[in-house]
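Trainee: I would like to go through this model and ask how each term is justified. Can we begin with the order of the elements?

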Amino acid sequence: MVHLGSRFVPEGGASGFHDVYTERENVEAYKKDGKFPDGATLVKELRAHESGDFTTGEGVSHSTNGLKQWFVMVKDSENRFPENANWGAGWGWALFKPDSKDINASTDYEADCIGCHIPAEATDYVYTQAYPMLKE
Ligand code: HEC
């Protein structure tokens, strides 16, 4: 996978680095038609952070080994699993935690995910502004 971009959340339960990855071919496809192709996977990895003073400046943050969780979206243009509560709105939605990597901790994308992704509805529920390589 290639690194699409990162965000840094300074405080709260989601604090740390949000690093987002996808398969390389999705970047090329997106640049052509502005869409993630069927089967494209987006992985957002949350890592804990530490901050300190470095020769570059004060309050410099870096990620640590503290993996918090992985949020995953898989593009489904064909609405393959209408009966499955974790599939809908053109995506499969999943959440994996480091202590139970085999289990999708999301039970229902409408309850667990999409409410927070509505602001990105115009870009297929993906917050694309943090992924400059899709536009270069
Ligand atoms: C509290 C609100 C909230 C919830 C709940 C939430 N997300 Fe997100 N998600 C966001 C925001 C905001 C971003 C982009 C900014 C960031 O990472 O802080 C994002 C980014 C992502 C990304 C990176 C791609 C993108 O849209 O930029 C994935 C993948 C993702 N979320 C999947 C999920 C899945 C799967 C669920 C449910 C299990 C979920 N999210 C639940 C708010 C949320």
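Mentor: From the N terminus on, the elements of the chain run β-β-α-β-β-β-β-α-α, which comes to 3 helices and 6 strands. This is a predicted model, in which local features need pLDDT of at least 70 and side-chain atom pairs count only at pLDDT 80 or more, while totals for chains, interfaces and linings use all residues. Residues are numbered from 1 along each chain as its sequence is written, and side-chain values use heavy atoms, with hydrogens and water left out.

Trainee: What makes a stretch a helix or a strand here?

Mentor: Both are DSSP runs, numbered from the N terminus: H or I over at least four residues for a helix, E over at least two for a strand. Helix 3 (114-117) is one such run, and His-117 lies in it.

Trainee: How do you know that the ligand sits in the largest pocket?

Mentor: A pocket is an open set of points on a 1 Å grid over the protein atoms alone, where a 1.4 Å probe fits, with protein on both sides within 12 Å along at least five of seven lines; lining residues have an atom within 4 Å of a point. A molecule sits in a pocket if more than half of its atoms lie within 2 Å of its grid points. The ligand meets that condition for the largest pocket, which is lined by 22 residues.

Trainee: Why is His-117 called a donor to the iron atom?

Mentor: Donors are N, O and S atoms within 2.8 Å of the metal (3.2 Å for Na, K and Ca). His-117 NE2 is 2.1 Å from the iron, so it qualifies. His-117 is the single donor from the protein, but water is not among the atoms, so the site may look incomplete.

Trainee: What makes the approach of His-18 to the ligand a polar contact?

Mentor: The term needs a pair of N or O atoms within 3.5 Å. A polar side-chain atom of His-18 lies 2.8 Å from a ligand oxygen, therefore the pair counts. A backbone N or O atom of Tyr-127 is 3.0 Å from an oxygen atom of the ligand.

Trainee: Which residues come nearest to the ligand?

Mentor: Of the 20 around it (a heavy atom within 4 Å), His-18, Cys-113, Cys-116, His-117 and Tyr-131 come nearest.

Definitions and conventions:
A polar contact is a pair of N or O atoms within 3.5 Å; within protein, one must be able to donate a hydrogen and the other to accept it, and residues adjacent in sequence count only if both atoms are side-chain atoms.
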